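Work through the exercises below with the coordinates loaded. Each task is followed by a stepwise solution.

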Amino acid sequence: MTKPSLDILLCAPRGFCAGVVRAIDAVEKALAIHGAPVYVRHEIVHNKYVVENLKRKGAVFVRELDEVPDTQAPVIFSAHGVPKSVPEAAQVRNLFGIDATCPLVTKVHREAQVHHKRGRHIILIGHAGHPEVIGTMGQLPQGAATLVETVDDIARLQPADPDNLAFVTQTTLSVDDTQDMVEALKARFPSIVGPHKEDICYATTNRQGAVKRVAPQVDAMIVVGSPNSSNSQRLREVAEREGCPLVRLILRAEDIDWSLFGNVRSLGITAGASAPEILVEEIIDAFAARYEVSVESVSTADESVFFPLPRELREQAAE
């Protein structure tokens, strides 16, 4: 039987960003220098494939520091950032803490701290319970920041001093959603102070831009990524908002529901910032087994951002 034809439009940029590469490299470099085990607080990035791969190499993932024994082994903090209390607790126990927080998340932490020192109450645009939000709120004293998730939350705000506010944002949000919320904040509080440079990271912006280009052109779209990955979920939402009739967030090829793709003749594929390219290739191969595929890359931005390893690992590598 001849296979039906399928045109695949491959979004570029997609997949790993510089912060994710740095975080994964930090775990692998720590393993190379110190050997197993290397402890990692929370998932280093939100991708099950990446986490399982690092486990096989000797990384031990824990939810909290009290699960780490008294050890000289490195304890790495994830790319999403952690509250101040975590490195402080590690120091009290003389643990060898290595901070793999993405530098763009660290930028948001510093902005929040500066605003607090200047006496401003901080509005954080983000998703409750996300590790990045917990980490950012944890840079400040209790009550110094208020989290808003929707425009309705902004309408309900009753700050003690409406003329002395600042806002920061979670880095992995939808550009469009954040713009709506920033506009709502500025409309309610005209004197609110924003970031010197927007907090949505370059990788989030670029990946969403590529999806906006591709989604209106295809019958279906696959976002390669984990369900707990914020930036992957936002890519799915962007594709849906751009009018793509079928959008699915999928971790592995084995998760594809083939009954949904029977009449699809054009398919867009992208990947969240924590999804490795090997999973994209795996999904393309799965479609190639059932369709006569042609693959075209649709590029909307060039990325050349690089972040060096955490200082502790750079120094040890040099030694």
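**Exercise 1.** Determine whether His46 is buried or exposed, and describe its surroundings.

Solution. Step 1: the relative accessible area of His46 is 9%. Buried means under 20% relative accessible area, exposed over 50%, and partly exposed in between, with a 1.4 Å probe and protein chains only. His46 is therefore buried. The model is a predicted one, in which local features need pLDDT of at least 70, side-chain atom pairs count only at pLDDT 80 or more, and totals for chains, interfaces and linings use all residues. Residues are numbered from 1 along each chain as its sequence is written, and side-chain values use heavy atoms, with hydrogens and water left out.

Step 2: place the residue. His46 sits in the loop that runs between strand S2 (38–41) and helix H2 (48–57). Helices (H or I, at least four residues) and strands (E, at least two) are DSSP runs, numbered from the N terminus.

Step 3: list its contacts (heavy atoms within 4.5 Å). Leaving out residues up to four places away in sequence, His46 touches His80, His130, Pro131, Ser226, Asn228, Ser229 and Ser274. For Asn228, the backbone oxygen is 2.9 Å from a polar atom of the His46 side chain.

**Exercise 2.** Which residues does UniProt list for "binding site"? Describe Asn231 as well.

Solution. Step 1: the unreviewed UniProt entry lists His46, His80, His130, Ser229, Ser230, Asn231 and Ser274. UniProt positions are in the numbering used here, feature names are shortened, and annotations may be inferred rather than shown by experiment.

Step 2: Asn231 belongs to helix H9 (residues 230–241). Asn231 is buried, at a relative accessible area of 11%. Beyond four places in sequence, Asn231 touches Thr172, Gly272, Ala273 and Ser274.

**Exercise 3.** How many disulfides does a search of the whole structure find?

Solution. Step 1: apply the criterion, a pair of cysteine sulfur atoms within 2.5 Å. The search finds zero disulfides.

Step 2: check two cysteines. For Cys201, the nearest cysteine sulfur is that of Cys17, 5.8 Å away. Cys201 counts as buried, at 11% relative accessibility. For Cys244, the nearest cysteine sulfur is that of Cys11, 10 Å away. Cys244 is buried too, with a relative accessible area of 6%.

**Exercise 4.** How many residues of domain 1 are in contact with domain 3?

Solution. Step 1: the domain bounds, from an automatic or database domain assignment, are domain 1 (5–16 + 202–299), domain 2 (19–101) and domain 3 (104–188).

Step 2: eleven residues of domain 1 contact eleven residues of domain 3. The C-alpha centres of domain 1 and domain 3 are 31 Å apart.

Definitions and conventions
A polar contact is a pair of N or O atoms within 3.5 Å; within protein, one must be able to donate a hydrogen and the other to accept it, and residues adjacent in sequence count only if both atoms are side-chain atoms.
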